[in-house]
Structure formats: C-alpha cells, structure tokens
Amino acid sequence: MPEAVYADLSRCIACHACELACERENESARISVQVVRGLAAVPVSCRQCETPLCAAVCPGEALNYGDSGLEYDAEKCIGCRLCVLACPFGTAELRAGVVERCDLCQGKEIPACVATCPAGALFCAEAESIGGGIRTRRAEIIKKALGTPEPAGRRKNR
C-alpha cells in the first residue's frame, strides 16, 4: 500500500498552515483541517486507498490504482462527479473539469503540508507502519470531541 499523509491529532494546533502550503503548491488546498466540535482538529486528505471507491465508480476509468498508488488521467475524466460522491473521506473535488485530490506533492521528497506543519503533527507513512498507538490516540480524541462514552470494560478508575 502506498504512503498517505497522516496526523497525530494530539499535536495538531489547527493553525491551517498545511492548507496554505498545499494551496501554494497546487493552486488549491487538497488538505483541510476540520475542527470537531471545537475540541479536536483533524487534518483530512486523500487516503490513497488500496481499493479506492472513487476509482470503482469512475465510468471513464480516469482513476485507477496502479503501482504508484491512486493515479488520475484528466483526459479520461468526463466530469460526472461520481468519484467525489463515492469518496468516504470527502477529499476528492472537481474543479474546472479536473478531479483534485492529494497526490503527495509528486516529484517532491516531502509533501508541502508535512514540511510546513509547525507542530510536527503531519507525517507520511504506509497505513501498516503507523502502529496502534497513534490510531488509538486519534480515536480517543475524536470520541472525546463527539462525547462518545467509552465501553464499560475500558473505563478507567477516577
């Protein structure tokens, strides 16, 4: 599975520097920082899915999963927006007849958002290499922001 941009939510300070860097690099931001109920900032960008729903619904086969991850061919795009509707993360956008999504700043060693993040919250990694620690912390921050109670067996004595 190819790399994608991930975030350590315990470090994100919602400064939006990643959005500005991405916009500077690509002429439009392909990452966005979503603030969940004022408690947790969640940077969201294309997950470079191994089985991308956006590609599965594309009638023109403009999106395909290849050796280097999710690939886009603008010449095959018919502008139907099905990929935008199918993306479970809401990261694909159609602008001026072209699907825009994070491509990890192809040609650069480090994506602009990762290089610019002042809090060191963003990093590139393969999903398998992230480890449970960050994913568990991220889930806990989101659950806390949404007010979701912990399962009875996991509550800590207070």
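This passage walks through the fold, one helix, the salt bridges, a buried arginine and the cavities of a predicted model.

To start with the overall layout, the chain has 158 residues, and 39% of them count as buried. Its secondary structure comes to five helices and eight strands. Reading from the N terminus, these elements follow the order β-α-β-β-α-β-β-α-β-β-α-β-α. Contacts often reach a long way along the sequence: of those between residues at least 6 apart, 59% join residues at least 24 apart.

Helix H1 gives a good first look at the packing. This helix covers residues 17-26, and its buried residues are Ala17, Cys18, Glu19, Ala21, Cys22 and Asn26. What do the buried residues of H1 pack against? Their partners are strand S2 (31-36), helix H4 and strand S8 (122-125). Right after the helix comes Glu27, whose phi is positive, at about 70°.

H1 also takes part in a link made by charged side chains. Side chains of opposite charge can pair when their charged atoms come close. The structure holds five salt bridges, and one of them joins Lys108 to Glu25, with 3.5 Å between the closest N and O atoms. Glu25 sits in helix H1 and Lys108 in the loop between S7 and H4, so this pair ties together parts that lie 83 residues apart in sequence. Both ends of the pair are partly exposed: Lys108 has a relative accessible area of 44%, and Glu25 comes in at 36%.

Another salt bridge brings together the side chains of Arg11 and Asp8, at 4.0 Å from N to O. Here the two partners fall into separate classes. Arg11 counts as partly exposed, at 44% relative accessibility, whereas Asp8 is buried, at 9%.

Arg95 and Glu93 meet as well, with an N to O distance of 2.6 Å. Arg95 is partly exposed at 32% relative accessibility, and Glu93 is partly exposed too, with a value of 33%. The pair belongs to a wider group, as Glu93, Arg95 and Glu100 are linked in a network of salt bridges.

Arg101 tells another story. Where does Arg101 sit? Its place is the loop between strand S7 (98-100) and helix H4 (112-116). Arg101 is buried but has no salt bridge. The nearest side chain of opposite charge belongs to Asp103, 6.3 Å away; because a salt bridge calls for a nitrogen within 4 Å of a carboxyl oxygen, that distance does not qualify. Arg101 still has plenty of company from elsewhere in the sequence. Beyond its neighbours within four places, the residues in contact with Arg101 are Arg30, Cys46, Gln48, Leu63, Leu70, Glu71, Tyr72, Thr91 and Ala92.

Two of those contacts, Cys46 and Thr91, turn up again around an internal space. Rolling a probe the size of a water molecule over the atoms shows where empty space is left. How many cavities of 30 Å³ or more are there? The count comes to four, and the largest holds about 80 Å³ of space. That largest cavity is lined by 14 residues, and Cys46, Cys49, Cys54, Cys87 and Thr91 lie nearest its centre. Sorted by class, its lining is made up of 10 nonpolar, two polar and two charged residues.

Key. Residues numbered from 1 in each chain as written. Heavy atoms only, no water. Helix = DSSP H or I, 4+ residues; strand = E, 2+ residues; numbered from the N terminus. Buried < 20%, exposed > 50% of the residue type's maximum accessible area, 1.4 Å probe, protein only. Lys, Arg positive; Asp, Glu negative; His and termini not counted. Contact = heavy atoms within 4.5 Å. 1 Å grid on protein atoms, 1.4 Å probe; cavity = no way out; pocket = protein on both sides within 12 Å on 5 of 7 lines; lining within 4 Å. Points joined across faces, edges and corners; volume = space filled by probe spheres on them. Nonpolar A, V, L, I, M, F, W, Y, C, P; charged D, E, K, R; others polar.
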